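Work through the exercises below with the sequence and the model open. Each task is followed by a solution in steps.

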Amino acid sequence: MQQLVDVTGTSFTPLVVVELATNTTEEAIEWLLSRIRDKQEIGGADLLVEQLGLGVGGQEKENPHVFLVGATRQRLLSGAEEVGLFKEYNDGSMRGFTCANKHNFTEFMGDGDGFLSKAECQYIVKHELDTLRAQSETHVPGHSEAKLYPGKSIIRRLQSKGILIQIFPLHEQEDLKRLSFTWYKRVKLSLQPLDAIRQYFGEGQALYFGFLEFFTFALVPMALVGVPYYLFDWEDYDKYVIFAGFNLVWCTVILELWKRYSASLAYCWGTLSRKKAFEEPRPGFHGVLGLNPVTGREEPLYPNAKRQLRIYLVSLPFVLLCLYLSLYVMMIYFQMEGWAISVHVEEPTFWTGILLFIPSIIYAVVIEIMNLIYRYAAEFLTEWENHRLESSYQNHLILKVLVFNFFNCFASLFYIAFVMQDMALLRQSLATLLITSQILNQFMEAFLPYWLQRRRNKKMLRKVQKRRTLDGQELPLAEQVRLEADMSTYLGTFDDYLELFLLFGYVSLFSCVYPLAAVLVVLNNITEVYSDAFKMCHVFKRPFSDPAANIGVWQLAFEAMSVIAVVTNCALIGLSPQVKAYFPDSEIQLILWIVAIEHLLLAFKFLLSFLIPDVPKHIQIRLARLEFESLEALKKKKMLESSEFSKVQ
């Protein structure tokens, strides 16, 4: 990538783009740039920054307030120590990096060039920008509406007031080409390059693609069992008992194995034992200025009681109202289904046979639309609840969205299975919902972003070619930055995990009555890998690295679904004629037996999760050894200090 020169005459590689609003005053720009360049001792970030030149064509329309931020190699190394980056030590263990013993780390050669990946460098720069704090300023210079107080994060205030439009890391074109080639440009039967994904996008992204790959491989046994089941027992629904029993074991075992696999990945990547950084207030958080009892700094404080009132008196009733509307739409669907069946029974023809599938298709489309509308409403409500931390905001948003999506997607299937007890209709509805939702998701997630990005790229290339013919050369830096600034912003893995959560629900809850469900999900996941990989590389701006140690709250969501799967599959087994034949005279006795078996299976499931360690034994030993060595080193240091103190006396 092209090198830039800072006002101090220091050359640097641009890592992060900061774009300010076009109406930002010169006074505010000068103040922000000086704070970015100032030494840390006087409250600055000690980074290098230079303004981006105007691109080709339409110069009067381009925003001139775009800045490229980088850092010297030594500043990045000290930043790596500040953020607590873990790297491989000479003895093979993963340890927190320190500049004092940098030469003891495996990959540190010479002056450390190449020791940190670009994703790590960009994460460090972002961290340093986020920790820029106001000192004696009462407001952003030239913007009296943007109030400041000592200790307030400058970047977060600029974001909340719309002065800072966006901040994003730059793509590295050569690295991106190599990653694209090994990841998705070749159709091949092999594992994803998770280490390369982690190097380029960070641990959070790599863990998502690792989970997607693991989930796909875990579905293969179910798909292999399901195909002959589907072919030979198509009309014989009595024989789904064995498949339901297989589901019970499958959904428990794969989640336990995933926890061990993700722990191994996180250890190799240095995030498993990494201390979580102190969370700063969200940019949108507001309240009365007060003193934070933890940090001792002034910041907005908002009463927790007031937030709880908003949650329980407004958000909860709204969610319940949405669930009622979802139930109402479901009953309309059943009325349409009944009408279609009556028409087909009266005069069975080819067209009335097709008509039988129309209500399910319409309902599947309506479900997707309702999920989308509800998502916007949930985001608005969660924002209005005014959560101080981003993690708290995400947890409340995920809970709202999961509850509604689960009810909206699965309520009709539960009704058909346990109220109507119509296994033929359950199979048809599950197949229609699964196929329709996958077609819609592939269109929205793959085709539409690809088409929009092609339009943007062609527009930018036409502008570039007005001045020069590229002849396959790398895009000039100014044009690359403008092109990436116009890309869609990646909003995280929320929607990706949500889609996998719903697919996991379809295969774990009801796939015993439609054994091809696992096959369809495997095919969907294979296309998902390629479409998500393409989007990450060419549709979205490069996201900042997220040093995650696991998939977070989504692990709990999948485990909750696996518990529901145990109850559901036991109930389906109880409804089968095979099992009912053993209790011809007493339905209550059957129910009691099913409930007892279900409780035993749940107990077995929790016992299994207790017996299988979340972290493999060899990693536990390494972590314990590292902790022991740290304690021993601390003891020696204290003994040395005390002996030196006694000598002085």
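**Exercise 1.** In this predicted model, identify which helices each supply at least two residues of the nonpolar patch, and which helix gives the most.

Solution. Start with the helices: helix 10 (350-355) and helix 11 (358-384) each supply at least two residues of the nonpolar patch. Next, compare contributions: helix 11 gives the most, with six residues. Then list the members: the patch on the surface is formed by Phe350, Trp351, Ile354, Phe357, Ile358, Ile361, Ile362, Val365, Ile369 and Ile373. Together they have about 960 Å² of accessible area.

**Exercise 2.** Locate phenylalanine 357 and decide whether it counts as buried, partly exposed or exposed.

Solution. Phenylalanine 357 lies in the loop between helix 10 and helix 11. Its relative accessibility is 41%. Buried means under 20% and exposed means over 50%, so phenylalanine 357 counts as partly exposed. Phenylalanine 357 is also one of the residues of the nonpolar patch.

**Exercise 3.** Classify the aromatic pair of phenylalanine 108 and phenylalanine 115, and state whether each residue is buried or exposed.

Solution. The count of aromatic pairs comes to 35. In the pair of phenylalanine 108 and phenylalanine 115, the ring centres are 5.3 Å apart and the angle between the planes is 70°. Planes over 60 degrees apart count as edge-to-face, so this pair is edge-to-face. For the second part, phenylalanine 108 has 5% relative accessibility and counts as buried. Phenylalanine 115, with a relative accessible area of 2%, is buried as well.

**Exercise 4.** Find the ring over which the charged end of arginine 310 sits, and do likewise for arginine 542.

Solution. For arginine 310, the ring is that of tryptophan 384, with the charged end 4.4 Å from the ring centre. For arginine 542, the ring belongs to tyrosine 200, and the distance to its centre is 3.7 Å.

**Exercise 5.** Asparagine 386 and glutamine 421 each have a positive phi although neither is a glycine. Place each residue and decide whether it is buried or partly exposed.

Solution. Asparagine 386 has a phi of about 65° and lies in the loop between helix 11 and helix 12 (390-420). Its relative accessible area is 1%, so asparagine 386 is buried. Glutamine 421 has a phi of about 55°, and its place is in the loop between helix 12 and helix 13 (423-465). With a relative accessible area of 42%, glutamine 421 is partly exposed.

How values were computed: Residues are numbered from 1 along each chain as its sequence is written. This is a predicted model: local features need pLDDT of at least 70, side-chain atom pairs count only at pLDDT 80 or more; totals for chains, interfaces and linings use all residues. Side-chain values use heavy atoms; hydrogens and water are left out. Patches are made of residues with over 30% relative accessible area and no salt bridge: like charges are joined within 9 Å, nonpolar side chains (Val, Leu, Ile, Met, Phe, Trp, Tyr) within 5 Å. Accessible areas come from the Shrake-Rupley method with a 1.4 Å probe; for residues, only the protein chains shown count as cover. A salt bridge is a side-chain nitrogen of Lys or Arg within 4 Å of a carboxyl oxygen of Asp or Glu. Helices (H or I, at least four residues) and strands (E, at least two) are DSSP runs, numbered from the N terminus. Buried means under 20% relative accessible area, exposed over 50%, partly exposed in between (1.4 Å probe, protein chains only). Rings of Phe, Tyr and Trp (its six-membered ring) pair if their centres lie within 6.5 Å; planes under 30 degrees apart count as stacked, over 60 as edge-to-face and the rest as tilted. A charge sits over a ring if NZ of Lys or CZ of Arg is within 6 Å of the ring centre and within 35 degrees of the ring normal.
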